[in-house]
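Me: I'm new to this one and would like a close look at a single part. Could you walk me through it slowly?

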Amino acid sequence: MPAPQLAPDFDVPAARQDSGLTTVKTSTPDVGAGDTHASNTHTSDTLGRSSEPIHSDQDLIVRLCGMPVSLAAPLLKSALPTLTPQALLALIAATGEAHHRLIAERPGLDWRVIKALFRSHCDSVVATMARNMRLDFDIEDEAAFARRAAANPDVRAAVLAHPGLKNAKAQLRQDPTQTTGHGNLKLLALLRGGETAGFVREMSHRLKLDVAGLSQALSSPSPVPLALALCAAGLDRAIFLHVMAQWQNYHSGEPHLAEGQKPLILSVFSLAPEDARRKLAALIASAS
């Protein structure tokens with residue numbers, strides 16, 4: 001079956017009759033892992049009702065990758081089988097966020113596929129690409145990362161944690177709304193260098209809190225004290241996610257931050273810095 005031809009701007013129409021994906025509907029609910037009958041029925045429908053015959057292994061793989069994400073995940077998560085850029089572009093056009101995240105985890109994506117994923121306008125997909133160290137990005141991609149990172153803390157944390165993306169990071173630093181003061185740069189430099197004790201001392205000095213009490217609070221299994229400390233110091237949610245990852249590196253993965261906890265913990269940053277400091281001081285006092 002011939003691969004879908006790309007328009008000059010590389011947009012792929014949502015309903016290509018020659019893509020082999022016409023039977024895949026984004027409104028079809030995902031099939032539960034235990035619903036074997038439903039899985040088999042959907043597989044048969046996907047493979048059997050298409051007006052296009054399956055001419056090759058690639059046709060079959062593309063057809064399977066367009067199934068509900070619970071069934072397509074093993075194929076999309078693997079570097080093998082090889083999927084051509086045209087096949088991936090057709091899948092992006094025919095599927096939604098869950099499939100796009102899995103595609104964004106694949107190694108060595110073609111530049112056209114990367115740009116199509118940016119055009120999905122989904123922050124979780126952009127953050128997934130920023131965490132994928134097996135991708136190469138151009139200047140235009142880095143500018144797109146910077147724009148999304150300025151508005152979304154998860155994307156920003158992923159960009160800041162990336163060893164590359166220097167242009168995206170430079171654009172974030174130039175944004176006056178994202179400026180980090182000299183004192184906070186010192187805090188981040190201490191932590192980046194592994195000086196966690198120095199980080200605690202500097203933070204206690206900044207916030208006028210007892211060093212031992214702050215150290216004990218930050219050593220608790222809860223991420224709340226660290227969030228309160230950074231909020232009190234005037235740092236934002238994206239910086240917290242970056243600092244949290246570094247702190248965990250030096251403390252055997254503690255405190256643990258479950259995905260379900262993240263919205264609650266990030267809500268700390270809706271507090272004014274002085275309110276966050278008062279709450280942190282109260283936590284320290286209650287533990288002493």
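Me: Let's go to the salt bridges and the helices they touch. To begin, is Lys 115 buried or exposed?

Reply: Lys 115 is buried, with a relative accessible area of 13%; buried means under 20%, exposed over 50% and partly exposed in between, using a 1.4 Å probe and protein chains only. Before going on, a word on where this comes from: the model is predicted, local features need pLDDT of at least 70, side-chain atom pairs count only at pLDDT 80 or more, and totals for chains, interfaces and linings use all residues. Residues are numbered from 1 along each chain as its sequence is written, and side-chain values use heavy atoms, leaving out hydrogens and water.

Now, the partner of Lys 115. Glu 140 forms a salt bridge with Lys 115, and their closest N and O atoms are 3.1 Å apart. The term stands for a side-chain nitrogen of Lys or Arg within 4 Å of a carboxyl oxygen of Asp or Glu. This pair links distant parts of the chain, with Glu 140 in helix 8 (residues 139-151) and Lys 115 in helix 6 (residues 111-118), 25 residues apart. Helices here are DSSP runs of H or I with at least four residues, numbered from the N terminus. The structure holds 11 salt bridges.

Next, follow helix 9. Its Arg 156 meets Asp 236 in a salt bridge at 2.6 Å, N to O. Asp 236 sits in the loop between helix 14 (224-232) and helix 15 (237-250), so the pair ties together parts that are 80 residues apart in sequence. Arg 156 is buried at 5% relative accessibility, while Asp 236 is partly exposed at 28%. Back at Lys 115, salt bridges that share partners join Lys 115, Asp 138, Glu 140 and Asp 141 into one network.

Helix 9 has another pair to show you. The side chains of Asp 154 and Lys 262 meet in a salt bridge at 3.9 Å, N to O. Lys 262 belongs to helix 16 (residues 262-266) and Asp 154 to helix 9, so this pair ties together parts 108 residues apart in sequence. Asp 154 counts as partly exposed at 27%, and Lys 262 is buried at 16%.

Asp 154 also turns up where helix 9 meets helix 7: Asp 123, Val 126, Ala 127, Ala 130 and Arg 131 in helix 7 meet Asp 154, Val 155, Ala 158 and Val 159 in helix 9, contact meaning heavy atoms within 4.5 Å.

Notes:
Helix = DSSP H or I, 4+ residues; strand = E, 2+ residues; numbered from the N terminus.
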